[in-house]
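Trainee: I would like a close look at one part of this protein, its nonpolar interior. Please also say what lies around that part.

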Amino acid sequence: MDKVNILGVNVDMVNVAEAADAVMGFLDENKFHSVFTPNSEIIMCAYKDEEFCKILNSASLLTADGIGVVYASKILKKPIKERAAGYDIARQVLEKTNNTDHKLFLFGGKPGVAETAKKNLEKDYPDLNIVGIRNGYFKPEEEPEIVEEINKSGADIVFVCLGAPKQERWIDSHKDELNVRVAMGIGGSLDVFAGTAERAPEFFCNHGLEWLYRLYKEPWRIGRMTELPKFAMTVIAKGKKYKQN
């Protein structure tokens, strides 16, 4: 897959369907794969943190979850086809794994969220094989127990919904212990599956305005939103430093 280097982060130039197909291909391989979906805020975090940047670039698949990342690719003359959000990729993967032998583990969210998400997903996908759930509240000393629980479930794919950068760091730190074939870091998707969080209406998603809807619903995000113009200016100022293939 072709990539675009955005401030040191090598983002795959794929759309949602291509990303979902890649995940399904990973499930056919007998080895571990990580899937991350950074937005502009996460890429800015990686720009400032070399270790985190290496974690992102170690992923088997790295997609643009944010219109800002898509715009940045256009500035760098290597345009990504469309925003490939973790939630949208996960939905297509769920459709493709429904009525198959693939086994899914849901990890993340507040207590009770994973249970509700499981019930809702099983209504949407009656033949989906969800073999385990675990909330995202834990102490560091509990992590080996969580890894063991995932491995004992027999899951070959785990949705890790701890929020960035925690989920990416968690997946990376346990990649040699997990027996799954795919670990996807997909942020707040579990809350959307559970109905405890609302996704932006289709109009906002299709026009790259999901950030505006989220700001309207959650005004406390205004501080985080200041990273967006910083990201754009940094790409313009520093973009040429990062060689494109």
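Which residues in the largest nonpolar core touch the most other members?

Mentor: This is a predicted model. The largest nonpolar core has 41 residues, and those that touch the most other members are Ile-6, Val-11, Phe-107 and Trp-170. Take Trp-170 as the example. With its neighbours within four places in sequence left aside, Trp-170 is in contact with Phe-107, Phe-138, Glu-143, Ile-146, Val-147, Ile-150, Val-160, Leu-162 and Leu-178. Apart from this core lies another one, made of 35 residues, including Ala-22, Ala-90, Leu-94 and Tyr-125.

One of the contacts of Trp-170, Val-160, leads on to the strands, since strand 7 covers residues 157–161. Strand 7 pairs with strand 8, residues 182–185, in the parallel sense, and four bridges join the two. In one of these strands, strand 8, Ala-183 is the bridge partner of Val-158. Both strands belong to an open sheet of six strands with parallel pairing, in the order 4-3-8-7-5-6. At the edges are strand 4 (61–62) and strand 6 (130–134), each of which pairs on one side only.

For contrast, turn to the surface. Ile-75, Met-233 and Ile-236 make a nonpolar surface patch of about 300 Å². Of these, Ile-75 is found in helix 4, which spans residues 67–75. Ile-75 counts as partly exposed because its relative accessibility is 38%, between the limits of 20% for buried and 50% for exposed.

Methods: Residues are numbered from 1 along each chain as its sequence is written. This is a predicted model: local features need pLDDT of at least 70, side-chain atom pairs count only at pLDDT 80 or more; totals for chains, interfaces and linings use all residues. Side-chain values use heavy atoms; hydrogens and water are left out. Two strands pair if DSSP finds at least two bridges between them. Patches are made of residues with over 30% relative accessible area and no salt bridge: like charges are joined within 9 Å, nonpolar side chains (Val, Leu, Ile, Met, Phe, Trp, Tyr) within 5 Å. Accessible areas come from the Shrake-Rupley method with a 1.4 Å probe; for residues, only the protein chains shown count as cover. A salt bridge is a side-chain nitrogen of Lys or Arg within 4 Å of a carboxyl oxygen of Asp or Glu. Buried means under 20% relative accessible area, exposed over 50%, partly exposed in between (1.4 Å probe, protein chains only). A nonpolar core is a set of buried Ala, Val, Leu, Ile, Met, Phe, Trp, Tyr and Cys residues joined through side-chain atoms within 4.5 Å. Contact means heavy atoms within 4.5 Å.
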